[in-house]
Amino acid sequence: MSGINFDFSITSIDLEAYLEKNALMETLGDLLDQCASARAIGDWPKLEELSIEILRGIYKESQIDEGSLKTVLQSYLSSIVGTGDFLTDLHSGDSSRYQEGLRKLLQFLENRPHHFDSIEPVLQSAHEIALLALDPTSANRNKIAKHLRQIARPDLAIVICTQILEKTRLNYYARTVLCGAYCDLEQFDKAIEAAEVGLKFSPDANKTYPLNALVRAHTLKFKSNGDLSEIERALEYGHQSIDLKLDVYAANAFVAAAIASAKEDEVEFAKQVLEKAEPQLRKVDIAALFQAARAEQALAPTAQVIEEFDESFAEIYSTGFDSLFDLVLRDEGFIPKTIDARKMHERFNAEGWFLQGLSNMPCPTCETVSLHSYRKHFKRYGKDMHYWALVCDNCQTATDSIDYDKKEFLSISSDLEANFPVADLCVVCLNL
Ligand SMILES: [Zn+2]
Ligand SMILES: [Zn+2]
């Protein structure tokens, strides 16, 4: 660059903006690198300083990217946890510095809205740590360790789990958390060992936790070293877990293993498993998300395996603004009835719904043109999709797409998409 002479008089504004933007991007990358170095040597004051600098800068840009924002929030939270004495020595530790740091962060974020799904569990965990630290029962220490992983402090999670296991050697929950924390640090042999012991000592009904942890650990190890026996083990444990209890956690762990294995029969089985575990997902959506996940796998074969944390964060989300019920009551003046199936009530109660529009197709039940479509953005395996809620003004009911005859639904959904393309309406998609 040094030898080039720019004519500032002509395009000075554009050029300045261009240089400024480039400088910002370079600075961000550079600052994130410095964060990683500070974290590696445990220089928490430096990490705190750097993350505050990034947070201040990041919101000046028009586009904040999800990955960087998540990383910097984790860096800041990691830094205010610091050495973590208040967590490892709960009786003498003082959590006030952490509490104050968290308060400042939440205050800062309050005026800076974002629409990134992956940020909420991080903030939620930060909040949980603050609450749990005030009540250091043994069960709470298990939970603290789990939440420490969300804010990228697996090192402290390991310290706490080890303390717990010194007292209660057979605590399989602590061993499961330990497995995940070692996975975060890419120490897969230690991860597998922890979960294997957990599997041995857990009561039958609870074996699903260590089993899912083993599926994930072996999948990650396979991705790191390409050893086929690892993915075989992952699939084996996955089948055991599904046989024991088919839920969303078992399904997600198995789906990741099946896609990594690239075995057609396992992938087909994984689709069926996901369909049963998440009955609200439509067949075409499942097909689409598998396609996206396999494409991503082909592009980045060693990428991390997404993990669904156990215990539902869904409950936490159930008390937001813009639930389907809020919107329908506000816009149409009634609270729609729903049947108790496919977790519809829980999903409709969550925040983030928006009106798509009125369908030209009549309601199949009352045969009047009264069907309003509401949608809600969600993401699975990196694929952006939208839930359905069809509300009939006349019947005063709300239901998902599964309730409709396939053909009927196709004409309703194509009519809506033609008139009200969801990508133009969804704030999450618009911000991507
Ligand atoms: Zn109707
Ligand atoms: Zn969307």
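# Reading helix α15 and two loop residues

Q: Which residues of α15 are buried?
A: The buried residues of α15 are Asp285, Leu289, Phe290 and Ala293. Buried means that 20 or more other C-beta atoms, placed from the backbone, lie within 10 Å of a residue's own; exposed means 12 or fewer, and partly exposed is in between. Helices (H or I, at least four residues) and strands (E, at least two) are DSSP runs, numbered from the N terminus. This is a predicted model, in which local features need pLDDT of at least 70, side-chain atom pairs count only at pLDDT 80 or more, and totals for chains, interfaces and linings use all residues. Residues are numbered from 1 along each chain as its sequence is written, while chains are lettered from A and ligands numbered from 1 in the order in which they are written.

Q: Where do the buried residues of α15 fall, seen down its axis?
A: They fall within an arc of 135 degrees (taken from the directions from the helix axis to the C-beta atoms), so they line one face of α15. On the other side, the exposed residues include Lys283, Gln291 and Leu299.

Q: What covers the buried residues of α15?
A: Contact means C-beta atoms, placed from the backbone, within 7 Å. The cover includes helices α13 (248-261) and α14 (264-277), and strands β2 (371-380) and β3 (383-392).

Q: What is the sign of phi in Glu186?
A: Most residues other than glycine have a negative phi. Glu186 has a positive phi of about 60 degrees. Glu186 lies in the loop between α9 (172-184) and α10 (188-201), and is exposed, with 11 other C-beta atoms within 10 Å.

Methods
Two residues are in contact if their C-beta atoms, placed from the backbone, lie within 7 Å.
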